[in-house]
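User: I'm new to this one and would like a close look at a single part rather than a tour of everything. Please pick one spot where the rings gather, and walk me through it and its surroundings.

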Amino acid sequence: MKYMEYITCFITGFAVLVFELASFRLLAPYFGVSSYVTGSIINTILLALSIGYVLGGYAADKYKSARLPYLVILGSTVYLFLIYAVYPQILQSLSFRSVILGSSTAILSMFFIPMVLLAFIPPYFIKLLAHKNHVGRAAGGIFSLSTIGSIIGGIATTFLFIPHLGSRTTFLLTVILLLVTSVAGLWRFTKFSPLLLLLFIPFKFVSANTSD
């Protein structure tokens, strides 16, 4: 059993729910908490996940690289780092739009691409880990751990992270968790991967100078 792949699916499932729940808090000051905002967030995330699953399955049939999923996670991390740095400006610029248009555009621009990339991971690992007569076992294990990760991410975000850390710090710590995961996965292929951890240093100062 390749424990790193299973752990990675747990972490990506965890991250998806953290970002989804944090997005409600991030958008609330600009668009409120109406059913329009809730629907925009949930439906956008679900659409992104469905596209990510399809792309992950397609890539799994075409490529056999164990490095690719960690490069995909790294790509989502870089995108999320950039969003972390500028999302207040994005939300402020969209706050003058209607609630439906503004909240939909905001969630699409902030989280659609990284959610697609994170959803890419489970189906890719299923193909990578499955043996001839154990495809069902691999699929069950991968999606079970991903779902458990989402459950724990939802509980932790609701009762621990946001009440005690705030949505902005929760956002940053989850991005760093994804970065560490991608670096740990890439470590097997290149010993220079820990240098990628330096990516988060500028955002530490951004966090220090910006309130929740």
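Analyst: **Around the aromatic cluster**

Let's start with two rings: Phe19 and Phe111 are both buried. Keep in mind that this is a predicted model.

There are nine aromatic pairs in the structure. Phe19 and Phe111 make a tilted one, because their planes sit at 35 degrees, with 5.8 Å between the ring centres. Phe19 belongs to helix H1 and Phe111 to helix H4, so this pair ties together parts that are 92 residues apart in sequence.

Now look at Tyr84 and Phe171. Their rings pair up edge-to-face, at 5.7 Å centre to centre and with 65 degrees between the planes. Here too, distant parts of the chain get linked: Tyr84 is in helix H3, Phe171 is in helix H7, and 87 residues separate them. Tyr84 is buried, and its relative accessible area is 0%. For Phe171 the relative accessible area is 0% as well, so that residue also counts as buried.

Put these four together with Tyr87 and you have one aromatic cluster: Phe19, Tyr84, Tyr87, Phe111 and Phe171. There's a charge here too: the charged end of Arg168 sits over the ring of Tyr84, 4.1 Å from the ring's centre.

Back to Phe111 for a moment, since something happens to the helix there. H4, which covers residues 99-119, bends by about 45 degrees at Phe111. A proline, Pro114, follows within four residues of that bend. Plenty of H4 is tucked away: among its buried residues are Ala106, Ile107, Met110, Phe111, Phe112, Pro114 and Met115. What covers them? The cover for H4's buried residues includes H1, helix H2 (35-62), helix H3 (68-94), H5 and H7. So three names from the ring pairs come back here, because Phe19 lies in H1, while Tyr84 is in H3 and Phe171 in H7.

H1 and H7 turn up again if you move on to H6. Helix H1 (3-31), helix H5 (121-129) and helix H7 (167-186) are among what covers the buried residues of H6. Those buried residues include Ala138, Ile142, Gly149, Gly153, Thr157 and Phe161. H6 (residues 135-165) isn't straight either: it has a kink of about 50 degrees, centred on Thr157. After H6 comes Gly166, with a positive phi near 90 degrees.

Terms used: Residues are numbered from 1 along each chain as its sequence is written. This is a predicted model: local features need pLDDT of at least 70, side-chain atom pairs count only at pLDDT 80 or more; totals for chains, interfaces and linings use all residues. Side-chain values use heavy atoms; hydrogens and water are left out. The bend at a residue is the angle between axes fitted to the seven residues ending there and the seven starting there. Helices (H or I, at least four residues) and strands (E, at least two) are DSSP runs, numbered from the N terminus. Buried means under 20% relative accessible area, exposed over 50%, partly exposed in between (1.4 Å probe, protein chains only). Contact means heavy atoms within 4.5 Å. Rings of Phe, Tyr and Trp (its six-membered ring) pair if their centres lie within 6.5 Å; planes under 30 degrees apart count as stacked, over 60 as edge-to-face and the rest as tilted. A charge sits over a ring if NZ of Lys or CZ of Arg is within 6 Å of the ring centre and within 35 degrees of the ring normal.
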